[in-house]
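Visitor: Got a minute to walk me through this one? I'd like to start with charged contacts, then look at pockets and the surface.

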Amino acid sequence: MKVFSLKWKLSLALIAMSLGFVSLYVLLAKKTFESDKIAYVFESRQTQLSYLTKSISERFDRALFDARIVLLGIERESGTLNPSAQKFFDSAGALQAVEIIEVRNKKTLLRAYKKGVQNIQQALPAQAVPGQISIHGLSESQYLLSYLENADGKELLIRVLVEAQDLLPRNINGDLFLV
């Protein structure tokens, strides 16, 4: 007794095979889409993070450049800034304070503050890693940059207080967060 003819059996087999291949294709496409989506999210976050890193680095580099200009205007005898360096220091937006301390004697060679800025000597201990710029966050918008320099056989600690508003991104509620 024949229930199905050969024509129907072949048709059902081809339909079943087609459904199997389509199901396999959908499964592979879904896995590929998920892995591509994860890679896209990772790469976009990586791009945002590298942009943020570059932005922060450029802002600190600018503050250090300004500090170097101010330091060129030191009058060695009096330990103060000459008038042009003082004028530049007053007009430099991010630069809030500059100190140079001779480490061995703990003698302050230069101390320049903008009006209303607290004494940064109280902020952190006079520590820095030789040859590296140390960055210490004092608040959401104030950062202390420290650098240890050997000049003329003296070990000098250079400390720069930088005001950097909106340095790190905020979420919708205004809370600070890291990417």
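**Charged contacts first**

Guide: Start with Arg111, which is partly exposed at a relative accessible area of 37%. Keep in mind that this is a predicted model.

Visitor: Which side chain does Arg111 meet in a salt bridge?

Guide: Glu99, with N to O at 3.1 Å. Glu99 lies in strand S3 (residues 95–102) and Arg111 in strand S4, so the pair ties together parts twelve residues apart in sequence.

Visitor: Is Glu99 buried or exposed?

Guide: Buried, because its relative accessible area is 0%, and the cut-off for buried is under 20%.

Visitor: Which residues are joined with Glu99 into one network?

Guide: Arg111 and Arg159, through salt bridges that share partners.

Visitor: How many salt bridges does the count come to?

Guide: Four.

Visitor: OK, helix H1. What does Asp66 pair with?

Guide: Arg62, in a salt bridge of 3.3 Å, N to O. The two are four residues apart in helix H1, so about one helical turn separates them. Asp66 counts as buried at 7% relative accessibility, while Arg62 is partly exposed at 47%.

Visitor: And Lys30, what is its salt-bridge partner?

Guide: Glu34, where the closest N and O atoms are 3.9 Å apart. The cut-off is within 4 Å, so the pair counts. Lys30 and Glu34 are also four residues apart in helix H1, which means a separation of about one helical turn. Lys30 is exposed at 52%, and Glu34 is partly exposed at 40%.

Visitor: Switching topic. What volume does the largest pocket have?

Guide: About 800 Å³. Its lining has 24 residues, and Leu71, Ile74, Arg76, Ile100 and Leu156 lie nearest the centre.

Visitor: Which elements give two or more residues to that lining?

Guide: H1, strand S4 (107–113), strand S6 (142–151) and strand S7 (154–163).

Visitor: What's the class make-up of the lining?

Guide: 15 nonpolar, three polar and six charged residues.

Visitor: Where is Lys154 found?

Guide: In strand S7. Lys154 is partly exposed, at 39% relative accessibility. Its C-alpha atom is 7.9 Å from that of Val103, though the two are 51 residues apart along the chain.

Visitor: Last one, the surface. Which residues make the nonpolar patch?

Guide: Val3, Phe4, Trp8, Leu12, Ile15 and Leu19, over about 670 Å². Val3 sits in the segment before helix H1 (6–72). Val3 is exposed, with a relative accessible area of 64%. Patch residues need over 30%, so Val3 passes that cut-off.

How values were computed: Residues numbered from 1 in each chain as written. Predicted model: local features only at pLDDT ≥ 70, side-chain atom pairs only at ≥ 80, totals over all residues. Heavy atoms only, no water. Patch = residues over 30% accessible without salt bridge, like charges linked within 9 Å, V, L, I, M, F, W, Y side chains within 5 Å. Areas by Shrake-Rupley, 256 points an atom, 1.4 Å probe, with all protein chains shown as cover. Buried < 20%, exposed > 50% of the residue type's maximum accessible area, 1.4 Å probe, protein only. 1 Å grid on protein atoms, 1.4 Å probe; cavity = no way out; pocket = protein on both sides within 12 Å on 5 of 7 lines; lining within 4 Å. Points joined across faces, edges and corners; volume = space filled by probe spheres on them. Nonpolar A, V, L, I, M, F, W, Y, C, P; charged D, E, K, R; others polar.
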